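Please examine the protein shown below, beginning with its sequence and then turning to its fold. The paragraphs that follow lead through it step by step.

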Amino acid sequence: MSSYKELLAQRETLEKQIKEAKATEFAAIVNEIKQKMSEYGITAADLGLSRAKQVKPRQPVAPKYRDPASGAVWSGRGKPPKWIAGKDYNQYSIQR
């Protein structure tokens, strides 16, 4: 029967062998995948691995408020401009 220390030493040896085997096989697999991708013209996007997310273009929002003095407009989204901040928005509303 093996002692505790002997078993630990065997485990260390096995773990090193496992790492080496994995690294060797990993390199071979990566090369094989690259070869197949090149051969068949496969891209990362074909595999769903594209890092770029598809972003829908934002549609402009129609203005809802107009400053009669300057003609500046505001959609009602985001921080209100100085000409309308703290005032009654209804008096600046664009009628449709």
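**A walk through the model**

The side chains of Glu-15 and Arg-11 meet in a salt bridge, with 3.9 Å from N to O. The reader should bear in mind that the structure shown is a predicted model. How many salt bridges does the structure hold? It holds one. The two partners stand four residues apart in helix 1, so about one helical turn separates Glu-15 from Arg-11. Glu-15 has a relative accessible area of 42% and is therefore partly exposed. Arg-11 is likewise partly exposed, because its relative accessible area is 48%.

Helix 1 also contains Leu-8. Is Leu-8 buried, partly exposed or exposed? Its relative accessibility is 27%, so Leu-8 counts as partly exposed. To gain a sense of distance in the model, one may follow the chain from Leu-8 to Ser-93: these residues are 85 places apart along the chain, and their C-alpha atoms are separated by 79 Å.

Helix 1 comprises residues 4–40, and Tyr-40 belongs to it. Tyr-40 counts as exposed because its relative accessibility is 58%, and the cut-off for that class is over 50%. On the surface, Tyr-40 joins Ile-42, Leu-47 and Leu-49 in a nonpolar patch, whose members together have about 420 Å² of accessible area.

Between helix 1 and strand 1, which spans 65–66, there is a loop, and Ala-44 lies in this loop. With a relative accessible area of 35%, Ala-44 is partly exposed. Which residues does Ala-44 contact, once its neighbours within four places in sequence are left aside? They are Met-37, Leu-49 and Ser-50. Of these contacts, Leu-49 is also a member of the surface patch just described. Lys-82 lies 38 residues from Ala-44 along the chain, and the C-alpha atoms of the two are 48 Å apart.

The next topic is the interior. In soluble globular proteins, nonpolar side chains tend to be buried together. Here the largest nonpolar core consists of five residues, namely Tyr-65, Trp-74, Trp-83, Ile-84 and Tyr-92. Trp-83 offers a useful view of this region: apart from its neighbours within four places in sequence, it is in contact with Tyr-65, Arg-66, Asp-67, Ala-72, Val-73, Trp-74 and Tyr-92. Among these contacts, Tyr-65, Trp-74 and Tyr-92 are fellow members of the core.

Aromatic rings form a further topic. A pair of such rings is described by the distance of the centres and the angle of the planes. How many aromatic pairs does a search of the whole structure find? The search finds four. Ring pairs link Tyr-65, Trp-74 and Tyr-89 into a cluster; of these residues, Tyr-65 and Trp-74 also appear in the nonpolar core.

The walk ends at Gly-86, in the segment that follows strand 2 (73–74). Gly-86 has a relative accessible area of 84% and is therefore exposed. Between Gly-86 and Pro-68 there is a separation of 18 residues in sequence, and the distance in space is 16 Å from C-alpha to C-alpha.

Methods: Residues numbered from 1 in each chain as written. Predicted model: local features only at pLDDT ≥ 70, side-chain atom pairs only at ≥ 80, totals over all residues. Heavy atoms only, no water. Phe/Tyr/Trp six-rings, centres within 6.5 Å; stacked < 30°, edge-to-face > 60°. Core = buried A, V, L, I, M, F, W, Y, C linked by side-chain atoms within 4.5 Å. Buried < 20%, exposed > 50% of the residue type's maximum accessible area, 1.4 Å probe, protein only. Contact = heavy atoms within 4.5 Å. Patch = residues over 30% accessible without salt bridge, like charges linked within 9 Å, V, L, I, M, F, W, Y side chains within 5 Å. Areas by Shrake-Rupley, 256 points an atom, 1.4 Å probe, with all protein chains shown as cover. Salt bridge = Lys/Arg side-chain N within 4 Å of Asp/Glu carboxyl O. Helix = DSSP H or I, 4+ residues; strand = E, 2+ residues; numbered from the N terminus.
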